[in-house]
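Here are two short exercises to work through with the model open beside you. Take your time with each before reading its solution.

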Amino acid sequence: MKNRRLTEIIKRLEDHFGSNVRKSARKKKNLLDVLIAVKLSQNTTDRTSHKAYLNLKRRFAKWEDLINAPLQEIKKEIKVCGMAESKSRDIKAMLREMKKNYGKLTLNHLRRLSDDEIYEELLGYKGIGTKTIACLIAFGLERPAFPVDTHVHRVMNRMGIVNTTTPEKTFDVSNELIPVESKTTFHLNLIKFGRSVCKAPAPLCGECCVYDLCNFGQKQYYKDRNKGKIKENNFIILENI
Ligand code: SF4
């Protein structure tokens with residue numbers, strides 16, 4: 001029964017937001033570019049993190065150049081996306097360690113590894129967590145993956161698909177529940193849905209395409225309160241790196 005409900009939720013969100021994960025026009029994405037873009041996207045909007053990413057690419061012709069740059073210079077380029085201090089430090093330290101470990105700055109060897117091996121390897125780098133790695137797998141390697149950010153965590157719990165206290169726990173439980181072929185699309189659709197309908201402070205339950213399938217105890221209250229306030233936000237930058 002629970003799986004039938006989940007299947008129906010996945011289907012309705014696909015009907016509403018689409019079911020195609022955009023494949024890269026390029027044959028293979030640069031995995032290090034994607035990893036850095038994901039790192040910059042933490043706790044900010046897609047628009048500002050994309051700006052920070054483009055600033056970095058413009059300033060440093062090769063990622064090797066960033067390793068030797070003063071922290072202040074890196075911070076200046078990415079300050080638009082917030083947490084510039086910690087992001088600069090983490091990216092610089094991560095690149096330095098990768099250079100030491102691999103001899104050159106490339107993550108091409110990850111293409112030969114299983115997902116589990118990729119998690120195991122990249123979790124060893126400071127500032128790289130499961131969400132970041134799942135994004136790399138989904139948008140860099142274009143394999144099925146279900147990254148869990150705050151939107152995904154919130155919506156999955158409100159709907160009653162999971163009952164968890166942290167995005168990490170939601171990630172663990174969800175990966176068992178969600179059919180492999182639906183993972184990346186469902187992730188993208190939950191983000192779009194979480195930004196435009198099932199919003200953090202006040203969900204627009206009156207506009208919700210899965211209202212009858214949702215277990216949220218206050219859905220009737222929010223249905224009455226927020227009628228007609230839907231706003232689309234479909235800008236997903238990681239599909240474009
Ligand atoms: S009914 Fe409300 S709480 Fe439930 S999924 Fe829809 S918008 Fe979110």
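**Exercise 1.** Find the residues that line the second largest pocket and work out where the pocket lies.

*Solution.* Start with the lining: 13 residues form it, and D115, Y119, F171, N175 and K183 lie nearest the centre of the pocket. (A pocket is an open set of points on a 1 Å grid over the protein atoms alone, where a 1.4 Å probe fits, with protein on both sides within 12 Å along at least five of seven lines; lining residues have an atom within 4 Å of a point.)

Next, look at the elements: α7 (115-122) and α10 (167-177) each give two or more residues to this lining, and α10 gives the most, with four. (Helices are DSSP runs of H or I, at least four residues, numbered from the N terminus.)

Finally, place the pocket: domain 1 (2-21 + 146-240) and domain 2 (31-140) both give residues to its lining, so the pocket lies between them. The domain bounds come from an automatic or database assignment.

A word on the source: this is a predicted model, in which local features need pLDDT of at least 70 and side-chain atom pairs count only at pLDDT 80 or more, while totals for chains, interfaces and linings use all residues. Residues are numbered from 1 along each chain as its sequence is written, and side-chain values use heavy atoms, with hydrogens and water left out.

**Exercise 2.** Describe the surroundings of H153: is this residue buried or exposed?

*Solution.* First, locate H153 in helix α9 (residues 150-159). Its relative accessible area is 14%, so H153 is buried (under 20%, with a 1.4 Å probe and protein chains only).

Then check its partners: the side chains of H153 and T170 are joined by a polar contact of 2.6 Å.

Definitions and conventions. Buried < 20%, exposed > 50% of the residue type's maximum accessible area, 1.4 Å probe, protein only. Polar contact = N/O pair within 3.5 Å; in protein donor to acceptor, adjacent residues only side chain to side chain.
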